[in-house]
Amino acid sequence: MGLGLLGWLLSGCSTSSRDALRGRIFVAIGASYSDRLSPTVIQERISQTKQLIKSFQALHPEVEAEINVFSEGDLQQAIARRNATGLGPDLIFLDGMTAHILARAGVVRPMRFPQSTTDQIEPASFGRLRLNNGSVAGLPLLLEPQIACFNQARLAQSPSTLQSLLELAETGIEIGFSLDYGGLYWTAGPLGAAPALKAVALGQPVTPAQHRQIRYWLKWIQTANLLQHINYYGLEEDLVQGLMQGRLDWIPCHSNTLVRLRQKLGQRLAVAPLPGDFAGPATPITRERVWAFGVNSSANQRRIAEAFATFTVNPLIQRSLTISIQNQLPVNRHVPPPVASSAVLEAMVTSEQQGQVSEEIVKLIPPHDQRRRQITQLMMRLVFGEISPDQATDALIKKLGDGIGK
């Protein structure tokens, strides 16, 4: 059931004139830190939000919304500037960890929701947004698992191990990896380095065994680059463009890119969980997308923003978003994705479950932590042979430890 049909169904629900909402809100959308803010990305983000607004307008026809898209890397400064002029957004759609950072900085408003709302949401989703005083940084809406996307005209199925992925590259299949720390971390679990990286980020002393595990992971990353058909890029968006343009055949990507990939590749697009290896399954990073709330909205704007955000997590909306678009997973615990009828949803659910073990490292090194940029630069130097795996291991351990206690 698409959102258009959903709006038609909702229009049959009655809303008394006393309860009807009227007014205009400003909605800011944060494009993920790993996306390039292209016109296509902007249009995709705006289109989804407009569909949600349109469904809400079936109940509240006198509500309007102005929508703008910002890079999440610039979001804190952009919102702070607007807040200073009294023109800050009433509602912000963004990554959960970014919402957490903005709430601690006073840029968005910490929230407490009624029990009727919190009971609907998976406890882990709210747990990621919990602040020290018991309030939360926002309201969870959707999950974007990290999955394997590939052109099934070039390969029939995604490999189940990293070793078989490398063997595919040797046959001429073009494989793309992102040098971003979050884009490479999914390989740390299969290669045995994830527990060691987590221990370092927690500030624990590094044991010789952990040092070897990290070195093995970094050595694998450098050695993979020696294969002719392994390609390293910067942002995940570069991988997405490569797959759409036929330069790449297999990439790791987040599920929010599936709309554009389907439009370009059609039936050639297939998805699967990311491959594991000898040390276990992949350790992908799932993005949680949430609604955060502005700090200088009027009482009426707050009422509209909170009503709209709550509306988007009801089971009917969550089920419609999950089934009709199939590029994100619901946070409403009463809406189990129908994995039996969709290989895409099945892959996304598997990846989201695998990604739960990566949540702590994401909290320790959040998206806008300066160490992410430094580690990405370190990975670049490693891949292109400027430094050795031994040097990279020592440098990575130092950089991960630099944030302890800050």
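Begin by selecting T85 and R82: a polar atom of the T85 side chain lies 2.9 Å from the backbone oxygen of R82. The model on display is a predicted one, and every value quoted on this tour is to be read accordingly.

**Stop 1: the loop at T85**

Keep T85 selected and display the secondary structure around the residue. T85 belongs to the loop that runs between α3 (72–84) and β3. Is T85 buried or exposed? Its relative accessibility is 55%, and T85 therefore counts as exposed. Now add Q146 to the selection and draw a distance between the two C-alpha atoms. These atoms are separated by 38 Å, and the two residues are 61 residues apart along the chain.

**Stop 2: the open sheet**

Next, show the strands as a cartoon. An open sheet is formed by 6 strands, in the order β2-β1-β3-β10-β4-β11, with mixed pairing. Its edge strands are β2 (62–71) and β11 (329–330), each of which pairs on one side only.

Select β1, residues 22–31. This strand runs parallel to β2, and 10 bridges join the two. Two positions illustrate the pairing with β2: G23 stands opposite V63, and R24 has E64 as its bridge partner. Strand β1 also runs parallel to β3, to which it is joined by 3 bridges. Here V27 stands opposite L91 of β3. How many of the 10 residues of β1 are buried? The number is 7, so the strand is largely enclosed by the rest of the structure.

**Stop 3: helices across the sheet**

With the sheet still displayed, add helix α2, residues 39–57. Helix α2 lies across β1, β2, β3 (91–95), β4 and β10 (287–293), and runs at about 160 degrees to β2. Then add helix α4, residues 96–104. Helix α4 lies across β3 and β10, at about 125 degrees to β3.

**Stop 4: the loop at S135**

Move to S135, in the loop between α6 (123–127) and β4 (139–144). S135 has a relative accessibility of 2% and for that reason counts as buried. Show the side chains of S135 and N133, which are joined by a polar contact of 2.5 Å. Which residues touch S135 once its neighbours within four places in sequence are left aside? They are P110, M111, R112, L129 and R130; selecting them together with S135 displays the surroundings of this residue.

**Stop 5: the disulfide**

Select the cysteines C149 and C253. The structure holds 1 disulfide, and this bond joins C149 to C253 with an S to S distance of 2.2 Å. The pair links distant parts of the chain, 104 residues apart: C149 is in strand β5 (residues 146–151) and C253 is in strand β8 (residues 250–254). Both cysteines have a relative accessibility of 0%, so C149 counts as buried, and so does C253.

The strands that carry these cysteines also pair with each other. Strands β5 and β8 run antiparallel and are joined by 5 bridges. To find one position in this pairing, select A148, whose bridge partner in β8 is P252.

Now colour β8 by residue. Strand β8 is mostly covered, with 5 of its 5 residues buried. In a regular strand, side chains alternate between the two faces of the sheet. In β8 both faces are covered: W250, P252 and H254 are buried on one side, while I251 and C253 are buried on the other.

**Stop 6: a pair of helices**

Two packed helices are described by the angle between their axes and by the distance between those axes. Select helix α9 (residues 194–201) and helix α18 (residues 389–402), whose axes come within 8 Å and cross at roughly 45 degrees. The crossing angle makes α9 oblique to α18. To view the contact itself, display L197, V200 and A201 of α9 with L396, I397, L400 and G401 of α18.

**Stop 7: a positive phi**

Finish at Q326, placed in the loop between α14 (315–325) and β11. Most residues other than glycine have a negative phi. What is the phi of Q326? The angle is near 50 degrees, a positive value in a residue other than glycine.

How values were computed
Residues are numbered from 1 along each chain as its sequence is written. This is a predicted model: local features need pLDDT of at least 70, side-chain atom pairs count only at pLDDT 80 or more; totals for chains, interfaces and linings use all residues. Side-chain values use heavy atoms; hydrogens and water are left out. Helices (H or I, at least four residues) and strands (E, at least two) are DSSP runs, numbered from the N terminus. Buried means under 20% relative accessible area, exposed over 50%, partly exposed in between (1.4 Å probe, protein chains only). A polar contact is a pair of N or O atoms within 3.5 Å; within protein, one must be able to donate a hydrogen and the other to accept it, and residues adjacent in sequence count only if both atoms are side-chain atoms. Contact means heavy atoms within 4.5 Å. Two strands pair if DSSP finds at least two bridges between them. Axes are lines fitted to C-alpha atoms, for helices over the stretch in contact, and angles run from 0 to 180 degrees between N-to-C directions. A disulfide is a pair of cysteine sulfur atoms within 2.5 Å. Angles under 35 degrees count as roughly parallel, over 145 as roughly antiparallel, 65 to 115 as roughly perpendicular and the rest as oblique.
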